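Welcome! Please take a moment with the sequence and the 3D view, and then let us walk through a few places together.

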Amino acid sequence: SFFRFLSFGCVKMFDSKSGFLRSFAGRKPTPGVIRQVKADSDASSSSSVRQLEVDSEHCKASQSKFESTLSAEIIDLEALRQLTWKGIPSAFRPICWMLLSGYLPCHRERRERDLERKRREYKDCVQQYYNTGSCISEDGTFPNLPDPSTVSDEELAMRRQIHIDVPRTNPEAGLFHDKHIQKILERILYIWSVRHPASGYVQGLNDLVTPFLTVFLSRHVDCVVTATAAAASVVSERVAQIPREALHSAEADAYWCFSKLLDSIQDHYTFAQPGIQRMVQKLKDLIARVDAPLHDHLAHAGIDFIQFAFRWMNCLLLRELPLVLSLRLWDTYLAEGEEFPTLHVYVCAALLAHWSARLRGCEFAELMLTLQALPTHELSFPDLEMLISRAFMWREWYEPSPNHLRPQ
């Protein structure tokens with residue numbers, strides 16, 4: 001297959017299996033500054049993709065463009081989506097994520113008032129749902145419970161599970177080793193779960209809060225993202241210096257943006273998690289189409305996609321990618337709005353195809369170990385940009401014609 005990104009904005013692609021030439025004009029601009037990307041006839045190997053020219057900076061849009069867009073009295077949300085799709089400079093990420101999530105209004109004059117109202121509403125939720133005697137002590141018990149009838153057995157069990165999961169969250173980031181941050185994470189998860197009884201708490205939700213907390217706390221703490229937990233004590237010192245009200249604001253902002261995100265994928269966390277089941281099946285169909293040798297190798301080894309891809313969908317790759325790369329990927333996801341789950345499947349396909357040659361050289365045991373712990377530490381920002389670009393192109397190619405994903 002050959003992919004050529006033409007300068008006049010029309011993209012033509014040739015499918016070597018079907019002999020089908022597709023042309024897309026007037027679509028979303030191809031991400032990155034890419035002159036030409038060439039793939040050899042073996043589409044199964046992502047390593048065969050050669051990037052001839054890509055901007056080395058992971059955020060392609062200039063700072064001046066962000067400043068201009070965000071300084072408008074009424075922000076053009078569609079223009080902001082196009083700008084942020086290619087990555088957001090860290091200084092602008094908090095406000096961009098709040099705008100893209102639909103949490104912050106586009107009208108400048110309404111922002112302060114709406115923020116105060118939503119943060120106050122979250123404080124009320126903490127008092128109503130969390131400060132009811134259901135708080136767990138260090139030994140895992142519930143001290144000073146005023147009235148057992150005020151908290152159901154289901155809520156107590158959910159609270160215990162959250163208390164167990166929170167310390168396990170993103171162990172490589174020192175931020176989430178801090179007790180204050182763990183308590184914030186615990187409150188967010190518990191309050192959301194109590195307010196959404198159809199799903200309640202599901203393991204993996206704790207991962208989905210981490211990008212929002214990281215970004216909103218980055219306004220107060222330098223170098224929030226750390227390579228290892230060794231810097232946890234340094235991060236804790238910095239967290240202790242954050243004003244209490246600023247911590248409360250970051251917690252409330254993270255809660256509401258987390259809630260907005262889950263509104264579009266709530267069937268991922270209801271009984272039997274049907275949304276995730278659909279995404280895993282779609283990933284399997286997609287790999288069968290774009291990388292048949294890998295698909296056949298997995299089938300021959302007796303590996304079902306649900307065995308490794310369930311977590312990819314449940315945690316949106318947050319356990320697979322380093323957090324600093326996840327933040328860049330989420331710039332694109334939030335710019336996609338409610339369409340991001342579709343793009344996510346194609347990103348997973350691109351990630352899987354990236355290691356196709358290595359995976360096809362593995363037998364069952366090694367194959368399972370590799371799939372469950374892909375060597376994503378090897379990925380750079382340009383690598384991630386290429387994965388997003390490939391996912392975008394596959395989506396533009398196949399999504400309008402889903403029949404092309406059916407077995408041939």
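A good place to begin is S90, which sits in the loop between α2 (77-84) and α3 (93-100). Helices here are DSSP runs of H or I with at least four residues, strands are runs of E with at least two, and both are numbered from the N terminus. S90 is exposed, because its relative accessible area is 57%. On this scale, buried means under 20% relative accessible area, exposed means over 50%, and partly exposed lies in between, using a 1.4 Å probe and protein chains only. Along the chain S90 and S218 are 128 residues apart, yet their C-alpha atoms are separated by 8.5 Å.

Before going further, please note that this is a predicted model, in which local features need pLDDT of at least 70, side-chain atom pairs count only at pLDDT 80 or more, and totals for chains, interfaces and linings use all residues. Residues are numbered from 1 along each chain as its sequence is written, and side-chain values use heavy atoms, with hydrogens and water left out.

**The whole protein**

The protein has 17 helices and five strands. Of its 408 residues, 53% are buried. A contact means heavy atoms within 4.5 Å. Among contacts with a separation of 6 or more, 70% join residues 24 or more positions apart.

Which residues touch the most other members of the largest nonpolar core? They are L205, F212, L213, F258, L283 and W330, in a core of 120 residues. Such a core is a set of buried Ala, Val, Leu, Ile, Met, Phe, Trp, Tyr and Cys residues joined through side-chain atoms within 4.5 Å. In soluble globular proteins, nonpolar side chains tend to be buried together. Leaving aside neighbours within four places in sequence, F212 is in contact with W97, S101, A254, C257, F258, L261, W330 and L334.

**Two helices to compare**

The expected span of a helix is 1.5 Å times one less than its number of residues.

| Helix | Residues | Length | End-to-end C-alpha distance | Expected span |
|---|---|---|---|---|
| α5 | 153-165 | 13 residues | 18 Å | 18 Å |
| α10 | 274-290 | 17 residues | 24 Å | 24 Å |

In α5, the buried residues are L156, M158, R159, I162 and D165, and they pack against α4 (108-130), α6 (179-195) and α7 (205-217). In α10, the buried residues are G275, I276, M279, V280, L283, L286, I287, R289 and V290.

Just before α10 comes Q273, in the loop between α9 (244-263) and α10. Is Q273 buried or exposed? Q273 counts as buried because its relative accessibility is 14%. Beyond neighbours within four places in sequence, Q273 is in contact with V202, D267, H268, F310 and N314. The C-alpha atoms of Q273 and S199 are separated by 9.1 Å, with their positions 74 residues apart along the chain.

**A pair of crossing helices**

Helix α13 (residues 323-336) and helix α14 (residues 340-354) have axes that come within 8 Å and cross at roughly 145°. These axes are lines fitted to C-alpha atoms over the stretch in contact, and angles run from 0 to 180 degrees between N-to-C directions. From α13, L329, T332, Y333 and E336 meet F340, L343, H344 and V347 of α14.

S326 also lies in α13, and it counts as buried because its relative accessibility is 2%. Not counting residues up to four places away in sequence, S326 touches L317, L318 and L321.
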